[in-house]
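Thank you all for coming; I would like to take a few minutes to walk you through one model, and I will ask you to keep the structure in view while I talk.

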Amino acid sequence: MTSPSPSHSPITPFPYPAQAPQPASRRPRRRLLVGAVALILVAACAVAAVWWSKGEENDPLAGRPRVTDTRAGLSYAVPEGWKHDAAKDKDLVDAFSSTMSRTSGAASSGGGTVLAGRAGQTVPRAELRRAAESAARSNAEFFYPDRPATLEESHATEVDGRPAHTAVLRIRNGDDGTARLEMTLVTVDGERTAFLLAVTTDEADTQITADIHAVVADATVD
C-alpha cells in the first residue's frame, strides 16, 4: 500500500470553546537615542544575514517548491521525491485542503502522505495537547479502521513561532508492519487553528519519516 485509503469521512473533533488566547500586556517603550537604535539595527541585520546564509546551506528544503494552503493558513515545502498535485486538492474530503505524497523504493510497499487543513474550531493554547491527541486517534480510526493504535509521543512544539502540539501514534498495519501517524496542531492566529497530518505506511522507511519532520519544522504560517 503506497498511501492511506480512507473509506469514510474523517472524524476530527475539536470540542473546545472558541476562545482566543489573551495576548500579554505590552510594556511601555523606553525612548532611545536615534543613533543607538541605528547601530543596533545594523548589527542585528548583519548577524541575521550570516545566520540566514548558514541556515540556507544546512536546510534540506532550501529552494524546494512549496504548497501554499490559504484555507489552513500554512505553507510547507515539497521534499525531493514527493509530489503535490493542486488539482487533486480539490477532490479531498472537506476536513483536508491540501496534500502531497511519496512512495517508497521498489524494495518497500510503503509510502507517506502529508495533509493540511483548518480545524473546525479555534483551539485555546491550553487545550492543544488534548485536541491534538484526540484528532490523531480520530484520524487513525479513519485511515486504519479497527486497527490498534498506541500513543508513542505527545509534546509541545512550535510552527513558525506559533504554539503547537504534536501527537504521534503507532498503528498495527496488518500482520507484518506498522504505520505511523503524526498530528501537529498549530494556533495560526486568534481565530484559526490549523493542522499538518502525516501518515507513514511503512514505519521502517526512515527517510520518509525524516522528510516529514523536516516539512513540519520548515512550515510557515501565512
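Let me begin with a question: which residue in strand 8 does Thr184 stand opposite? The residue opposite Thr184 is Leu196, and I should say at once that we are looking at a predicted model. That pair belongs to a wider arrangement, in which strand 7 and strand 8 run antiparallel and are joined by nine bridges, while a hairpin of two residues leads from strand 7 into strand 8.

Strand 7 also pairs with strand 6, residues 162-172, again antiparallel and again through nine bridges, and here Arg172 is the residue that stands opposite Thr178 in strand 7. Strand 7 is mostly covered, with ten of its twelve residues buried.

That brings me to the interior. In soluble globular proteins, nonpolar side chains tend to be buried together. Here the largest nonpolar core has 24 residues, and Leu196, which we have just met, is listed among those with the most contacts inside it, along with Leu74, Tyr76, Trp82, Met100, Val114 and Val186. At least two residues of this core come from each of strand 2, strand 4, strand 7, strand 8 and helix 4, and it is helix 4, residues 206-218, that gives the largest share, four residues.

If you find Met100, you will see that its contacts beyond its neighbours within four places in sequence include Tyr76, Trp82, His84, Val114 and Val215. Apart from this core lies another, of 23 residues, including Leu115, Ala131, Tyr144 and Ala167.

Key:
Residues numbered from 1 in each chain as written. Predicted model: local features only at pLDDT ≥ 70, side-chain atom pairs only at ≥ 80, totals over all residues. Heavy atoms only, no water. Core = buried A, V, L, I, M, F, W, Y, C linked by side-chain atoms within 4.5 Å. Buried < 20%, exposed > 50% of the residue type's maximum accessible area, 1.4 Å probe, protein only. Contact = heavy atoms within 4.5 Å. Pairing = 2+ DSSP bridges.
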